[in-house]
Structure formats: C-alpha cells, structure tokens
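Let's take a walk through a protein together, one feature at a time. Keep the picture in view and turn it as you read.

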Amino acid sequence: MRWWILRAVVALATGYPLSAAAQVDDVVDIELVLAVDVSWSMDHDEQILQRQGYMAAFLDPEVTAAIQSGDWGRIAVTYVEWAGAGLQHVRVPWTVVDGEDSAQAFAHQLADAPIGRLRRTSISGALAFSGTLFDDNGYEGFRRVIDISGDGPNNMGGPVTAERDKLIEAGVTVNGLPIMIRRSAYDPFFQVDNLDVYYEDCVIGGFGAFMVVVKDADEFAEAIRRKLILEIAGAQPRVVPAQDLRPNAPKIDCLIGEKLWQRWRGGP
C-alpha cells in the first residue's frame, strides 16, 4: 500500500489532517521532533554524550540509507532541548535531510548549537511544545513523530498522560529514550529505578510507538543510531523493557514524579 493511501486510512481513523494544497517539494516521509532532556539531573558529561550520539547518528551511512529508502527519500527534522515547564528551546530548526550532504549539514548545526542545562523535568511541557512545532512548519509528512529522551519522571506542569493522549488523538506517535545510566548527584530524590516502565506506561504511544533504553554511557551512540533507523524506516518494533521486567509486574503510577516533588516540599 502506497504512502498516500495508507496515510488517508490513518487520517480517517485518527482525525489527522491532510492538506490538499501540499506541494511535492513539501512532502517528506516523516516529520521528526528530537526532544532532548537537558534538566539538571542530566550531568554535563551525559549531555555531551547525548549530543554527540545524535551527531554521530546523522553521519552514519545506515541512517542515511534508511532515509533514502523511504517513498520520498527525505525527512524533516528539528532538535529541541527541554527541562521544566516553559523551558524548551529549538536548537536546530526544521531541516530537510535527504542524503549524506544534508545529514552532515544537520550534524554540523548540532555541533554549533549551545547545550543548555535547566531546572526541573516537565515531559508534559516538552510534549505540548513539540506538538506545536508541526503546525505550519512547511512540510507534509506521512508520519509525525516526537522522539523524547529523559532520565526522570514528569514533576512539573500538567500530567504527562494527558499531553501524550492529545498527541495520539492528533495522529502523532511518541517514542521514548529513557536514560537509566546512574542516579544524579543533583536531585536523586526525583529519579525512579523503573524509568523504563514509566516511559512504557505513561510517555510513549501512538501508531508503532516504541522505546529504547540506555543503561550505560557507552550505549548512547548506538541506542540513538538504532532508534533513528527504526523511526525513519517506519518499523514497528516491540518495546525494549528492562531485563527484570515481568509480564505481571504492577503498573507504575504516572504521577510518581509529581508526588515525589510534593513530598520533598513537605506536602502530604
């Protein structure tokens, strides 16, 4: 089934709008928002590894091959850093990547962009902000995807599930990159051991949604590369769970981050 037929089917099922006026030059296989956590719980070394991982991924021939294997052979991508509510910054604006030269140009833009380090963790705010970036961005993608990374649960802003569900209803897929390398010395109280379960139950969702877990600093680059290939190729992989996750494990409380914050502030 060709992309325009399948997209029409998805549009009817989800209410995702199609623009009859879209020009061929505007059409891409995927509109991809890379939403990257820069909260204080991510130490500077982790932030550098994360940034270098994305740069290396776009320079990887397999990523370029995945992009060129699409029906249109190009994607539109933007890079966002986020932390607390209202603290989101576009570091690289919407850019078309359709081959080695444009992939290198995107990586170079990333290399030149500053790396922020901001307070608190609002996954809900990051999702809401990322969702607005699809509006009037000049592109028509068969798929719209937000790829969100983070090392802790939502502890600021509205409930993360509410924002995730709004995006799903709009036809957007939310994929996750939970970072479980080590507990931060800055705010270990707000981190959870089973962040992968939190992302699976509370953050990701939509058509073909998945996550890839990072448990070691050496895994950053490969996890990002593999995740981009899966997203760009439109594969529908299974969720990658923690090694000790069991089928009958209890579901996590999607408000756990907010409750930890309230306890820290002396609330009930």
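A good place to start is the open sheet of 5 strands, whose order is β3-β2-β1-β4-β5 with mixed pairing. Two strands pair if DSSP finds at least two bridges between them; the strands themselves (E, at least two residues) and the helices (H or I, at least four) are DSSP runs, numbered from the N terminus. At the edges stand β3 (88-97) and β5 (172-178), each with a single partner strand, so one side of each is left without a neighbour in the sheet. On average, neighbouring strands of this sheet are turned by 15° against each other, direction ignored. For such angles, axes are lines fitted to C-alpha atoms, for helices over the stretch in contact, and the values run from 0 to 180 degrees between N-to-C directions.

Before going further, a word on what you are looking at. This is a predicted model, in which local features need pLDDT of at least 70, side-chain atom pairs count only at pLDDT 80 or more, and totals for chains, interfaces and linings use all residues. Residues are numbered from 1 along each chain as its sequence is written, and side-chain values use heavy atoms, with hydrogens and water left out.

How do strands hold on to each other? Strands of a sheet pair through backbone hydrogen bonds, either parallel or antiparallel. For β2 and β3 the sense is antiparallel, over 7 bridges, and you can find E81 opposite H89 in β3. Helix α4 (residues 100-112) lies across β2 and β3 and runs at about 165° to β3.

Now step back to the whole protein. There are 9 helices and 5 strands in its secondary structure, and along the sequence they follow the pattern α-β-α-α-β-β-α-α-β-α-β-α-α-α. Of the 268 residues, 51% are buried, where buried means under 20% relative accessible area, exposed over 50% and partly exposed in between (1.4 Å probe, protein chains only). Take the contacts (heavy atoms within 4.5 Å) between residues at least 6 apart in sequence: 80% of them join residues at least 24 apart.

Next, look for rings. Rings of Phe, Tyr and Trp (its six-membered ring) pair if their centres lie within 6.5 Å; planes under 30 degrees apart count as stacked, over 60 as edge-to-face and the rest as tilted. By this rule there are 4 aromatic pairs. One of them joins Y54 and Y79 edge-to-face, at 5.6 Å centre to centre with 80° between the planes. Y54 lies in helix α2 (residues 44-58) and Y79 in strand β2 (residues 75-82), so the pair ties together parts that are 25 residues apart in sequence. Both Y54 and Y79 are buried. Y198 and Y199 form another edge-to-face pair, at 6.4 Å and 65°, and both of these residues are buried too.

Two single residues round off the tour. Is A223 buried or exposed? A223 lies in helix α8 (residues 220-233) and counts as buried at 4% relative accessibility. Leaving aside neighbours within four places in sequence, A223 is in contact with L177, V212 and V214. The C-alpha atoms of A223 and L177 are separated by 8.3 Å, with their positions 46 residues apart along the chain. D136, in the loop between α5 (123-132) and β4 (140-150), is exposed, with a relative accessible area of 80%. Its phi is near 55°, a positive value in a residue other than glycine.
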